[in-house]
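Here is a set of exercises to work through with the model open beside you. Try each task before you read its solution.

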Amino acid sequence: MNAVNAAGWRPSMGDSGQATGGVATASGDYGLMLEEALSFELGAEGKCGVDLDAADRAPMPGLSKFLRKEAPALPGLTEPEVVRHYTRLSRQNYAIDLGPFPLGSCTMKHNPRLNEKMARLPGFADVHPMQPQATVQGALEVIEQLADWLIGLTGMASVAMSPKAGAHGELCGLLCIRAALDARGEERDVVLVPESAHGTNPATAAFAGFKVESIPATPAGRVDLAALKEKLGPHVAGVMITNPNTCGLFEPDMKAIADAVHEAGGYVYCDGANFNAIVGKVRPGDLGVDAMHINLHKTFSTPHGGGGPGAGPVVLSEALAPFAPLPFVTRGPDGDIHLVEEENRGEGHGRSFGRMVAFHGQMGMFTRALTYILSHGADGLRQVAEDAVLNANYVLRACEDVLPAPFAKSGPCMHEALFSDSGLAEGFSTLDIAKGLIDEGFHPMTVYFPLVVKGAMLVEPTETESKAGLDRFIASLRSLAERAKAGDESLHSAPHFAPRHRLDETQAARKPVLVWQG
Ligand SMILES: Cc1ncc(COP(=O)(O)O)c(C=O)c1O
């Protein structure tokens, strides 16, 4: 049976499962499904992208000992061949500028071009981290203003701006907790992490030298408060709670959890990577959180994933603020902004745990995030959260009759809709639906995560998708679910309309071939 996409388009397919109608083409291309050879295979000896005359190739006086004895192992290609090669490769790529990226937990949303314009202003893009501070007051003011916004939006006491990603922020938070415990003279070595936490949480706790103990989830997908309380004791340094959690649900017991942990002498780390679902609605500081990273590259746009560097500032409570890493920005009595590189905060404040990175953090990310915040304003940011949640609930309710949604009965979800592959025909699973989405022209959703749900499909539409766009995605997801329930065998070989079809994902991960061997 041939695959039919939700738009009703039925391309003919050869026995190989390709959309060829059985016709072989001399080039190996099918329309715009390009078959691109490696540059090494395309290249030929004697070809070059630039013409250098003999005089240009003569070594400069004194440098002749560095002259190459052999030509470098580079492909010989002309300039147009190189340009076409990379342009053709880029057309094999899916991008947020082509269509939605419904990857749950990743918040892949439209990146306003205004952010890019601001980040490229020479006063931000061309500054050097070792420039005298008097010459970069504007850039430092961006960091200061962004820090103020993050403190205000979260209701916390201070913020460490330098961590470079979410997981790096987690490490920063845990190192603050360790420094605070050291200052109290206590050796607590256990961090409690719920089953529904993001995978980086237990990994970071272990990396920071803590023992990790797991807290079960309730049938409603939330942290089991009673189980957590039972684990608390003098050995517990703290908890790491992702809120909203990776089941796409808000943890309503957050305040009760924080109170219990504080009473037992521990600290509360909140994974705030999903802050886009609650920004402007909830202040984690009001819930008793001691440290929380914010993925600027998710909540406040900027490419996430392969698209660019991240930034994971960590907001801190009064209790942890003194231990924040260096450097940090502060405004002196002269009105100038200073980047404090050495610990000199005076009596009782000289307890920074040290430095996480060489300089102050990601200037480009700070500029993009502040642009995003200022262009939305406080009301606009609240609207961002409301629209993200509305869109996820729209997908949840539109698909729950064809795909089981394990926690849908507990009420609305937050910014992501979670489905399970229970109920598909024998032999069909989440992977078939994910691969089918590629044929439908969509990037697949996050699959098999969170682990607490069988064959999890985690869909995060984000607030930047329109209703029409969501309807197209929903039509595709529904059609794939129905085909997988009806046992449509063609799904097993999906994707058909891509340069590569069903790959051996295990081998690809375990034995990746990363270099060309001629
Ligand atoms: C809930 C959660 N925590 C932590 C992270 C880790 O963030 P990063 O990839 O920036 O290290 C992510 C990533 O998206 C996440 O979704």
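Helices (H or I, at least four residues) and strands (E, at least two) are DSSP runs, numbered from the N terminus. Keep in mind throughout that this is a predicted model.

**Exercise 1. Place H415 and describe its surroundings.**

Task: Find the loop that holds H415, decide whether H415 is buried or exposed, and name the side chain that H415 contacts.

Solution:
- Step 1. Start with the flanking elements: H415 sits in the loop between α12 (363–399) and β10 (417–419).
- Step 2. Next, take the relative accessible area, which is 0% for H415. Buried means under 20%, so H415 is buried.
- Step 3. Finally, look for a partner: the side chains of H415 and N274 are joined by a polar contact of 3.4 Å.

**Exercise 2. Describe how the ligand is held.**

Task: Work out which residues come nearest to the ligand, which element gives the most to the shell around the ligand, and how much of the ligand the protein buries.

Solution:
- Step 1. There are 16 residues around the ligand, and the nearest are S105, G166, D271, H297 and K298.
- Step 2. Sort the shell by class: 10 residues are polar, three are nonpolar and three are charged.
- Step 3. Turn to the helices. α7 (166–184) and α11 (296–299) each supply at least two residues of this shell, and α7 gives the most, with three residues.
- Step 4. Check distances to oxygen atoms of the ligand. A backbone N or O atom of G166 is 2.8 Å from a ligand oxygen, and for A167 a backbone N or O atom is 2.9 Å from a ligand oxygen. With H297 a polar side-chain atom takes part, at 2.7 Å from an oxygen atom of the ligand.
- Step 5. Close with the area: the ligand taken alone exposes 390 Å², and the protein buries 87% of that.

**Exercise 3. Explore the two pockets.**

Task: For the largest pocket, state the volume, the residues closest to the centre and the make-up of the lining; then describe the second largest pocket by its volume and lining.

Solution:
- Step 1. A general idea helps here: rolling a probe the size of a water molecule over the atoms shows where empty space is left.
- Step 2. The volume of the largest pocket is about 1,300 Å³. Its lining has 40 residues, of which Q92, Y94, I438, F497 and A498 are closest to the centre.
- Step 3. α13 (430–439) and α14 (467–485) each contribute at least two residues to the lining of the largest pocket. By class, this lining holds 22 nonpolar, nine polar and nine charged residues.
- Step 4. Move on to the second largest pocket, with about 460 Å³ of space. Here 25 residues form the lining, and I151, S158, V159, F328 and V329 are the closest to the centre.
- Step 5. α6 (137–154), β1 (158–160) and β8 (328–331) each supply at least two lining residues of the second largest pocket. The largest share, five residues, comes from α6.
- Step 6. The lining of the second largest pocket divides into 15 nonpolar, five polar and five charged residues.

**Exercise 4. Look for unusual backbone geometry.**

Task: Find where the cis peptide bond from N243 to P244 lies and the one that joins L326 and P327, then inspect phi of S301 and Y448.

Solution:
- Step 1. Recall the background: most residues other than glycine have a negative phi, and most peptide bonds are trans.
- Step 2. From N243 to P244 the peptide bond is cis, with omega near -5°. P244 belongs to the loop between β4 (236–242) and α10 (254–263).
- Step 3. The bond that joins L326 and P327 is also cis, with omega about -10°. The loop between β7 (314–316) and β8 holds P327.
- Step 4. S301 is not a glycine, yet phi is positive, near 60°. Its place is in the loop between α11 and β7. With a relative accessibility of 1%, S301 counts as buried.
- Step 5. Y448 is not a glycine either, and has a positive phi of about 55°. Y448 lies in the loop between β11 (446–447) and β12 (457–459). At a relative accessible area of 37%, Y448 is partly exposed.

Conventions
Residues are numbered from 1 along each chain as its sequence is written. This is a predicted model: local features need pLDDT of at least 70, side-chain atom pairs count only at pLDDT 80 or more; totals for chains, interfaces and linings use all residues. Side-chain values use heavy atoms; hydrogens and water are left out. On a 1 Å grid over the protein atoms alone, a cavity is a set of points where a 1.4 Å probe fits but cannot get out, and a pocket is an open set with protein on both sides within 12 Å along at least five of seven lines; lining residues have an atom within 4 Å of a point. Grid points are joined across faces, edges and corners, and a volume is the space filled by probe spheres set on the points. Ala, Val, Leu, Ile, Met, Phe, Trp, Tyr, Cys and Pro count as nonpolar, Asp, Glu, Lys and Arg as charged, and the others, Gly among them, as polar. A residue is near a molecule or strand if one of its heavy atoms lies within 4 Å of it. A polar contact is a pair of N or O atoms within 3.5 Å; within protein, one must be able to donate a hydrogen and the other to accept it, and residues adjacent in sequence count only if both atoms are side-chain atoms. Accessible areas come from the Shrake-Rupley method with a 1.4 Å probe; for residues, only the protein chains shown count as cover. Buried means under 20% relative accessible area, exposed over 50%, partly exposed in between (1.4 Å probe, protein chains only).
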